[in-house]
Amino acid sequence: MSDCIFCSIGSHEIPTTAVYEDDEIIAFNDLDPQAPVHVLVITKKHISSLDDVSEGDKTLMGHIMFKIHEIAADLGLDNGYRVVINNGEDAFQTVKHLHFHILGKRKMTWPPG
C-alpha cells in the first residue's frame with residue numbers, strides 16, 4: 001500500500017535502524033517512546049488492523065508472537081515487558097497497519113488506559 005508509512009518502512013523506502021528484521025517482519029525504535037525501551041514490530045505484509053487478520057495469516061501471527069519474546073530478550077527486557085496492539089479509533093490506532101508495541105525498562109501501571 002503506497003500511502004502507508006509502515007509499508008514504506010517495511011520495504012525500505014523510508015530508512016530505519018532495525019533492531020530485528022526478517023522476510024516477514026521488522027522491529028524498530030518508536031519515534032515517540034512511552035518507555036525507556038519502546039519498539040514497534042510491524043508486518044511487511046499490509047494488514048490494516050487486528051480485525052483484518054485472515055485465516056491465511058495464522059502462521060504470520062504465530063511468527064510475530066514467537067519473535068517478540070526473542071526481540072525482548074535481545075533488548076535486555078529480562079524483568080518483564082508489555083506488548084500492546086491498538087486496534088481501531090477508540091484504542092488510538094494512529095497508523096492503519098497492524099503493529100505491536102514492546103514496552104519495557106520501567107514499571108508498568110494497571111489499568112493501562
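Strand S2 (25–29) is mostly covered in this predicted model, with 4 of its 5 residues buried. S2 pairs on one hand with S1 through 3 bridges in the antiparallel sense, and on the other with S3 through 5 bridges, again antiparallel. A hairpin of 3 residues leads from S1 into S2. Within the S1–S2 pairing, Glu 21 has Ile 26 of S2 as its bridge partner. Across from S3, Phe 28 stands opposite Leu 40.

**The sheet**

These strands belong to an open sheet of 5 strands with antiparallel pairing, ordered S1-S2-S3-S5-S4. Strand S1 (18–21) and strand S4 (81–84) have a single partner strand each, so they stand at the edges and one side of each lacks a neighbour in the sheet. From one strand to the next the twist averages 20°. Strands of a sheet are paired through backbone hydrogen bonds, in either a parallel or an antiparallel manner.

At the S4 edge, 4 bridges join S4 to strand S5 (residues 99–104), and the two run antiparallel. One of the residue pairs there is Arg 82 with its bridge partner Leu 103 in S5. Gly 80 is found in the loop between H2 and S4. The C-alpha atoms of Gly 80 and Gly 104 lie 6.8 Å apart in space, with the two positions 24 residues apart in sequence numbering. Gly 80 is partly exposed, because its relative accessible area is 40%.

**Pockets**

Which residues are closest to the centre of the largest pocket? The pocket holds about 800 Å³ of space, and of the 30 residues that line it, Asp 30, Asp 32, Gln 34, His 38 and His 101 are closest to the centre. Helix H1 (5–10), strand S2 (25–29), strand S3 (37–43), S4 and S5 each supply at least two residues of this lining. The lining divides into 15 nonpolar, 11 polar and 4 charged residues.

The second largest pocket has a volume of about 190 Å³. Its lining consists of Gly 76, Leu 77, Asp 78, Asn 79, Gly 80, Tyr 81, Arg 82, Lys 105, Arg 106, Lys 107 and Met 108. By class, these residues divide into 3 nonpolar, 3 polar and 5 charged. Gly 80, described above for its place between H2 and S4, is thus listed here as a lining residue, as is Arg 82, the bridge partner of Leu 103.

**Cysteines**

A disulfide is a covalent bond between the sulfur atoms of two cysteines. The count of disulfides in the model is 0. Cys 4 is in no disulfide, and the nearest cysteine sulfur, in Cys 7, is 3.7 Å away. Why is the sulfur of Cys 7 not bonded to that of Cys 4? The separation of 3.7 Å is too far for a bond, since a disulfide requires the sulfur atoms to be within 2.5 Å. Cys 4 is buried, with a relative accessible area of 6%, and Cys 7 also counts as buried, at 12% relative accessibility.

**Backbone and exposure**

Two residues other than glycine have a positive phi: His 12, at about 70°, and Lys 105, near 70°. His 12 lies in the loop between H1 and S1, whereas Lys 105 is in the segment after S5. Pro 111 also lies in the segment after S5. A cis peptide bond joins Trp 110 and Pro 111, with omega of about 5°.

Val 53 is found in the loop between S3 and helix H2 (58–74). The C-alpha atoms of Val 53 and Val 95 are separated by 16 Å, and the residues are 42 apart along the chain.

The table gives the accessibility of residues outside the helices and strands discussed above.

| Residue | Location | Relative accessible area |
|---|---|---|
| His 12 | loop between H1 and S1 | 48%, partly exposed |
| Val 53 | loop between S3 and H2 | 27%, partly exposed |
| Gly 80 | loop between H2 and S4 | 40%, partly exposed |
| Lys 105 | segment after S5 | 48%, partly exposed |

Methods:
Residues are numbered from 1 along each chain as its sequence is written. This is a predicted model: local features need pLDDT of at least 70, side-chain atom pairs count only at pLDDT 80 or more; totals for chains, interfaces and linings use all residues. Side-chain values use heavy atoms; hydrogens and water are left out. Two strands pair if DSSP finds at least two bridges between them. Axes are lines fitted to C-alpha atoms, for helices over the stretch in contact, and angles run from 0 to 180 degrees between N-to-C directions. On a 1 Å grid over the protein atoms alone, a cavity is a set of points where a 1.4 Å probe fits but cannot get out, and a pocket is an open set with protein on both sides within 12 Å along at least five of seven lines; lining residues have an atom within 4 Å of a point. Grid points are joined across faces, edges and corners, and a volume is the space filled by probe spheres set on the points. Ala, Val, Leu, Ile, Met, Phe, Trp, Tyr, Cys and Pro count as nonpolar, Asp, Glu, Lys and Arg as charged, and the others, Gly among them, as polar. Buried means under 20% relative accessible area, exposed over 50%, partly exposed in between (1.4 Å probe, protein chains only).
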